[in-house]
Every structure is written in C-alpha cells, then in structure tokens.
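This report covers fold, surface, confidence, one helix, one lysine and the cysteines. The sequence and structure come first.

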Amino acid sequence: MTDSGVSGARRGHLTALVLARGGSKGIPLKNIKLLAGKPLIAWVLTAAIDSLSFDSVWVSTDSDEIENVAKHFGAQVHRRSADVSKDTTSSLETIQEFLLHHPEVDIVGNIQATSPCLHPSDLRKVVDMIRNEAYDSVFSVVRHHLFRWKEVRKPGETTVSENFNTSRRPRRQDWRGELYENGSFYFATREIITQGLLQSGKVAYYEMKPEHSVDIDIDLDWPIAEQRVKRFGYFGKSNPKVVKLLVCNIDGCLTDGKVYVNYDHELISYSLRDLDGIKLLIDNNVEVRLISRRNISSTLISSLNLPCKVEPNVSDKKEIVEKWMAEMGLTEWTQVAYMGCDYSDVECLKLAGTSGVPADASVPAKMTDNFVCKYNGGNGAIQEFAEHIITLINEPAS
C-alpha cells in the first residue's frame, strides 16, 4: 500500500494501529457507538485505509463486537491479552504488546478511535515526514488561543497570568496562540516504543485544523462531535457525502406549518424558491421524497404538483426512510440528507449524514445538527438546504 519513492527514504513496515478496548467506563462500547450514522471507529479506519499510506491497518481489541465492526470496515484485528485490557493499562503498554506479536512492524501510527474528523490528507503528510524527512516520532497538535492562569491551591494565595501580560492583553489576530496535543495520533518507530516512549529521537508535531481536531471522551462530547463530523468529517473515497436521497418533512419545512380550511377541504402553500431547490437536487441526481405525519388527501397531494414522491400518514419516519434506503440500495445513513423541524424528526436528523432545519424549527430539532437555515419553513429553507447539499457534493476529495 505504500510507496517510499525517494532514494534513501526510511523504509520498513508501517502500520496504523487503533486501540479499541471494549470495557470503556465513560461510554460503554463507545468505539462502535453510532456517530452520524457510522460506528465511531469506522471514521478513522476509513481515513487510514483511504490514505494508502500504510502497509497494514490494525485494531487492537478485547471485544467480539468491536472485532466484527473493525473487520467490516477493512481492518485486521489483534486480540489483545487480558493483561493489557485493564482500566489502568496505558496506550503505550498496549502498543508494546502488539509489537511483541508483530515483529514485521517497524513503525506504528497509533490513531485514536475517538478522533472522527481525521482526514487521509493529514495521515499522508505525517507518513511523508516519517518516511522522507527522517523523523522518528510525530504527533498531532491543535492551536489554541487561551489565556492561562496559575492555579490557586491555598487560602489567601493570589493568581497570576502564565502566558500573557495582563497590561497588554493580545488580540487574537496579534497572537499566534499555543500548541496543545489533541490526541488524534502518535507515530513512532519500534525502537522508540520498545524504550517505553512515544516521543523521542527526532521529534516533530503536525498541526491539525481546529475543525478537524475533535476528541470524544464523555457523553457530553457526543452531540458536538456529531455536528462537527457531519460538516468536517471525511466520508470515504466513494464520497457517500454525495447525497443520494433527501427526505424532508412537509409540515414546517416545505410549508410554514399552517393549514387553511375552506369548508370541506384544506389548503396549504409553499414557496416557489423551495420548488426550485427540489428541482436543483433532482437535476444533480439526488432523489427527493417528502413525508408528513398528517393524513393528507391524495387530492391535495396532487394539487401541489410536486416533482417528487410524497408519503403522508407516516407514524415512524425512521422506518420509512430505511425502507426507501433499501429500495435504492443505500447501505448507510451517511448517504441520506434529512430536513426536519419538530420532535418527530429528531431521530432521523441525528442519523442522517447531512441534515438541516429551518430557522424556526423546534429547539430539539435544532440541537441535532450543525446546519440551521437562515430562512423559515415555507419561505426558502429547502432551497437554502439544497444549495448547501450541492456545495458538499462539489467539495474536493481529501
């Protein structure tokens, strides 16, 4: 999978190693919990495999469930021993145990499963530093602009600033900030790791973009990471982020949520801008389907003259979306875009690879996604979201 390509470059077997213990106390089986429609560990495995930079990609685990997921996403599995599967076991000890069983490995790229916004382009650059610039260890950092203060430990003590002058507080644009490890990856040679170190020899850092620097440690991190990965994550060489299906709630998205009743029938209206947005997606080979919890009459549906399928009286929106996915041969929610606005949409908004809400959506719906439209439902929100989807489709691959 690798190609050094430079005379005198460091050779040897380079492996990507993801540590994924099954007994996480913070979030049980965190490493395979679904994040934006995919198991957490799948995000980094996809990035590592698609980088084409490693001679092998491994997951070290003590869990049958994690093993099955790892193999499904293309990794080999090392079943770690009970001795290195304890709460107190360090990452270094686990990597050392892996090397004992894999004498062919010369360099390890330890990639954290909890960094789902990692991109292949980052890994390729780091491998180049190891292979062609002779670095012995490289680790990831992110730049922060944070003012640090000395901790007060005793009553009566006063604090002082530690990294800035209080009389001349720098503006963000005038201060380069500081570099902090973000834990996304640690590359090192076998010699360094067997010495009990991860950072030694000729050491370098690799600065990641802040939007790609995501780490999940506790449950509170999960919704933030989900929003970030939907917007900034790497979705694979086949780019499932090129959306194949948009499902949209009629009530409150296509319409403003109002129903006008005239004796024996009801009327609803929608914006022609939103109709243009639907046509834009269809012209770009995106299937569009509209749903409603209400039992809308076939006469009313026909009168709307919409260029897409409309499904009324839907009690379980997730079920109908997955039915449509199966019909279209879509295997992952990452290929689905969803637009909703109320409580019944929350589950689908969380699962969809790309999702959005109108400006006047309910708070629970807004809390699920990073893309909140500037326009209200029935007033151009679908067109705005459609243009956002087209932008994602046209993004260059990592």
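## Contacts and fold

In this predicted model, 67% of the contacts in the protein chain with a separation of 6 or more are between residues 24 or more positions apart. The chain has 13 helices and 17 strands. Its C-alpha trace spans about 85 × 55 × 40 Å along the principal axes.

## Burial, surface and charge

The protein chain has 398 residues, and 51% of them count as buried. Its accessible surface comes to about 19100 Å². Carbon and sulfur atoms account for 49% of that surface.

The protein chain carries 46 positive and 53 negative charges. The mean positions of these two sets are 5 Å apart.

## Confidence

The average pLDDT of the protein chain is 89, and 92% of the residues score at least 70. Over residues 1–7, pLDDT stays under 50. For that stretch the model has 17 contacts beyond four places in sequence.

## Helix α3

Helix α3 covers residues 91–101. Its buried residues are L92, T94, I95, E97, F98 and L99; the list includes the acidic residue E97.

Which elements do the buried residues of α3 pack against? They pack against four strands, β1 (13–19), β4 (56–61), β5 (76–79) and β6 (105–111), and against one helix, α5 (190–194).

## K317

K317 lies in helix α10, which runs over residues 317–328. Is K317 buried or exposed? Its relative accessible area is 4%, under the 20% cut-off, so K317 counts as buried.

Leaving aside neighbours within four places in sequence, the residues in contact with K317 are N249, I291, R293, Y338, D342, S344, D345 and C348. Among them are the acidic residues D342 and D345, and also R293, which like K317 counts as positive.

## Cysteines

A disulfide is a covalent bond between the sulfur atoms of two cysteines. How many disulfides does a search of the whole structure find? The search finds 0.

Why does C373 form no such bond? The closest cysteine sulfur to that of C373 belongs to C253 and is 8.4 Å away, and a disulfide needs a pair within 2.5 Å, so the distance is too far for a bond. C373 has a relative accessibility of 3% and therefore counts as buried. C117 is buried too, with a relative accessible area of 0%.

How values were computed: Residues are numbered from 1 along each chain as its sequence is written. This is a predicted model: local features need pLDDT of at least 70, side-chain atom pairs count only at pLDDT 80 or more; totals for chains, interfaces and linings use all residues. Side-chain values use heavy atoms; hydrogens and water are left out. Helices (H or I, at least four residues) and strands (E, at least two) are DSSP runs, numbered from the N terminus. Buried means under 20% relative accessible area, exposed over 50%, partly exposed in between (1.4 Å probe, protein chains only). Contact means heavy atoms within 4.5 Å. Accessible areas come from the Shrake-Rupley method with a 1.4 Å probe; for residues, only the protein chains shown count as cover. The place of a charge is taken as NZ of Lys, CZ of Arg, CG of Asp or CD of Glu. pLDDT is the predictor's confidence in each residue, from 0 to 100.
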